[in-house]
Amino acid sequence: MGKPREWMVGFQIEITGYEGEDEWLEMYTGRDIAPGLFAWVIPNGETHRIGMWALPDDLDGHSCEEFVDNLMNHPLWRHKFENCRETARYCGPIPAGMVRRPYGERVLLVGDAAGLAKPTTGGGIGPGFQQVDLLSEGLSSAISKDALSARKMKKICRPLEQMRREQQRSRALRDFFVTSRSDAELHQHFEIFAKPEVIELINFQGDIERPASLGLALLKEVPEFRKIALKAGFAMMFG
Ligand SMILES: Cc1cc2nc3c(=O)[nH]c(=O)nc-3n(C[C@H](O)[C@H](O)[C@H](O)COP(=O)(O)OP(=O)(O)OC[C@H]3O[C@@H](n4cnc5c(N)ncnc54)[C@H](O)[C@@H]3O)c2cc1C
């Protein structure tokens, strides 16, 4: 059935005693913290979850734990982590890139098994539900008729091609904004993100389940990004 185009490694610990702003998600990036992607600190009721994810090649032989340690001991932020105590840890692969053929006779791959996680955030729960929304009607009707041949499954799964295209677009935009950038370029990008008019655009257009539409809007409407994109041969993105 094929293999997911990318496999990331995700690692997360649960901690008590974190000193952060109430109900804020914090994100960190850079070569020493989360090369190519990002690390997060997310409130979870009385605890927080700290994690990072990366493409295995970008880990360059280091473990995800070392990068989370780097974050917790970074001179700029270590005061926030001083009173933290770990209560649990999670680690797992994140498959981001729909497999070539997520169906067969009487078979359907769903969620992570189909490689549906988002290349931009690693989130796989939203896309799993989106897949179910797209297929449930056709699939229930086919089950009622016991019409589940490979040819019928292919037809039922046609709407997934739209998810595949969206995933490819998100990956290209992620690479453009974050993954293929040096720390100095990332700094420059985040200075642009922090401009009031760009924050306004992000607040208006941003939808974590549909990252490609915000990415495209940033390329089209923020002159600094437009210039960099055109230089990088991203003209096809404007089509
Ligand atoms: C550290 C980390 C943090 C993450 N954070 C987020 C997040 O914040 N938001 C988000 O959306 N996603 C997140 N994800 C991704 C998310 O966890 C997955 O995308 C999601 O769990 C996929 O759901 P699933 O049902 O497709 O697969 P799974 O959750 O992997 O479920 C598959 C189930 O099938 C069972 N199973 C396997 N083989 C068999 C068998 N032969 N017989 C019976 N049962 C079997 C497994 O035990 C498992 O319970 C994170 C992943 C990691 C690693």
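These questions and answers explain how some terms are applied to this predicted model.

Author: The model is predicted, with local features needing pLDDT of at least 70 and side-chain atom pairs counting only at pLDDT 80 or more, while totals for chains, interfaces and linings use all residues. Residues are numbered from 1 along each chain as its sequence is written.

Reader: Why is arginine 78 called exposed?

Author: A residue is exposed if 12 or fewer other C-beta atoms, placed from the backbone, lie within 10 Å of its own, partly exposed above that, and buried at 20 or more. Arginine 78 has 11 C-beta neighbours inside 10 Å, and therefore counts as exposed.

Reader: What makes Gly10 and Gly92 part of the surroundings of the ligand?

Author: A residue is near a molecule if its C-beta atom, placed from the backbone, lies within 6 Å of it. There are 17 residues around the ligand, and Gly10 and Gly92 are among those that come nearest. Strand 1 (6-16), strand 5 (85-96) and helix 4 (125-144) each give two or more residues to this shell.

Reader: Which domains supply at least three residues each to the shell around the ligand?

Author: The shell draws on domain 1 (6-96) and domain 2 (103-160) in this way, the domain bounds coming from an automatic or database domain assignment.

Reader: How do you know that domain 2 and domain 3 are in contact?

Author: Two residues are in contact if their C-beta atoms, placed from the backbone, lie within 7 Å. The centres of the two domains, taken over C-alpha atoms, are separated by 30 Å, and the contact takes 5 residues from domain 2 and 7 residues from domain 3.

How values were computed:
Helix = DSSP H or I, 4+ residues; strand = E, 2+ residues; numbered from the N terminus.
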